[in-house]
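Biologist: Please show me the sequence and the model, and then let us discuss the fold.

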Amino acid sequence: MSSWKSSDNYLITKVVSFLVLFSLFATPVFAELKVVGSGSETRFDPAEIPVNMRQSYQVLISRCASCHSVERLVDAVRNGIAPITGQPFDAESAGVLVRKVAGKPDSNINEVEVKEILGVLNFLFTKQAAK
Ligand code: HEC
C-alpha cells in the first residue's frame, strides 16, 4: 500500500510541477509592452527603455508625435498591426514606414534620426516578442 501511495505522490508532484512550469512560461505570452498615459497621450513606458536608448527614444517621441499621436505607433507595435491600413507592423514594415515619413519634406527627420528611431523600434519589437 505504501508503495502505491508514494507513486501517487510522485504523480501529484509531477502534475503540480508541470502546472507551475506551464504558468511560468505561458503567462508572459499574454503580457504586453508597458505603456504610460492614456488616449492620445499613450506612450511606451520610458522605464522599459534602456538608459543608452533614452536619447533616441526622445527623438522618436518628438518626431513621431508632430503629425499625430504616438498612440498610433504604440498600438501598431503592441498589436503587430498598423491601425489605419491594417497591414502587419513589424521591424521590416516599420523600417519602410519611418523612411517614408522621413522622406516627407515637412517631417523634419534626418538620416541619423531615422537610425535612432529604428533602433528603439527594433528594441521594442524584440521586447514585445519576448513577452
Ligand atoms: C509629416 C507628418 C507625419 C509624421 C512626422 C509622422 N507621421 Fe505617421 N502618419 C502620418 C499620416 C498622414 C498617416 C496616415 C496614413 C497616411 O496618410 O499615410 C500616418 C500613419 C501612421 C501609422 C499607421 C500606418 C498604417 O498603415 O496604418 C503609423 C504606425 C505611423 N504613422 C507611425 C509614425 C512614426 C513611427 C513616425 C515617426 C517616425 C511618424 N508616424 C511620423 C503622418 C506623419
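The exchange below considers the fold, the core, two helices, two residues and the ligand shell.

Modeller: As a preliminary, this is a predicted model, in which local features need pLDDT of at least 70, side-chain atom pairs count only at pLDDT 80 or more, and totals for chains, interfaces and linings use all residues. Residues are numbered from 1 along each chain as its sequence is written.

Biologist: What pattern does the protein follow along the sequence?

Modeller: The protein contains five helices and two strands. These are DSSP runs numbered from the N terminus, with helices (H or I) of at least four residues and strands (E) of at least two. Read along the sequence, the pattern is α-β-β-α-α-α-α.

Biologist: Which helices each supply at least two residues of the largest nonpolar core?

Modeller: A nonpolar core is a set of buried Ala, Val, Leu, Ile, Met, Phe, Trp, Tyr and Cys residues joined through C-beta atoms within 7 Å. The largest one has 16 residues, and those with the most contacts inside it include Leu60, Leu73, Val77 and Ile117. At least two residues of this core come from each of H2 (54-64), H3 (71-79), H4 (91-102) and H5 (111-130).

Biologist: Why do the buried residues of H3 line one face of the helix?

Modeller: A residue is buried if 20 or more other C-beta atoms lie within 10 Å of its own, exposed if 12 or fewer, and partly exposed in between, with C-beta atoms placed from the backbone. In H3, Leu73, Val74, Ala76 and Val77 are buried. Taking the directions from the helix axis to the C-beta atoms, these residues line one face of H3 because they fall within an arc of 165 degrees.

Biologist: How far apart are the end C-alpha atoms of H5?

Modeller: The expected span of a helix is 1.5 Å times one less than its number of residues. For the 20 residues of H5 this gives 28 Å, which agrees with the separation of its end C-alpha atoms, 29 Å.

Biologist: Which exposed residues does H5 carry on the face turned away from its buried side?

Modeller: The buried residues of H5 are Glu116, Ile117, Val120, Leu121 and Leu124. They cover an arc of only 125 degrees around the axis, which puts them on the same side of H5. What covers them includes S2, H2, H3 and H4. The face turned away carries Glu111, Val112, Thr126, Ala129 and Ala130.

Biologist: Is Arg63 buried or exposed?

Modeller: Arg63 lies in helix H2. Not counting residues up to four places away in sequence, it touches Asn108, Ile109, Glu113 and Ile117, where contact requires C-beta atoms, placed from the backbone, within 7 Å. Because it has 20 C-beta neighbours inside 10 Å, Arg63 counts as buried.

Biologist: Is Glu111 buried or exposed?

Modeller: Glu111 is located in helix H5. Since it has 9 C-beta neighbours inside 10 Å, Glu111 counts as exposed.

Biologist: Which residues come nearest to the ligand?

Modeller: A residue is near a molecule if its C-beta atom, placed from the backbone, lies within 6 Å of it. H2, H3 and H4 each supply at least two residues of the shell around the ligand. Of the 21 residues around the ligand, those that come nearest are Cys64, Cys67, Ala82, Ile84 and Thr85.

How values were computed. Two residues are in contact if their C-beta atoms, placed from the backbone, lie within 7 Å.
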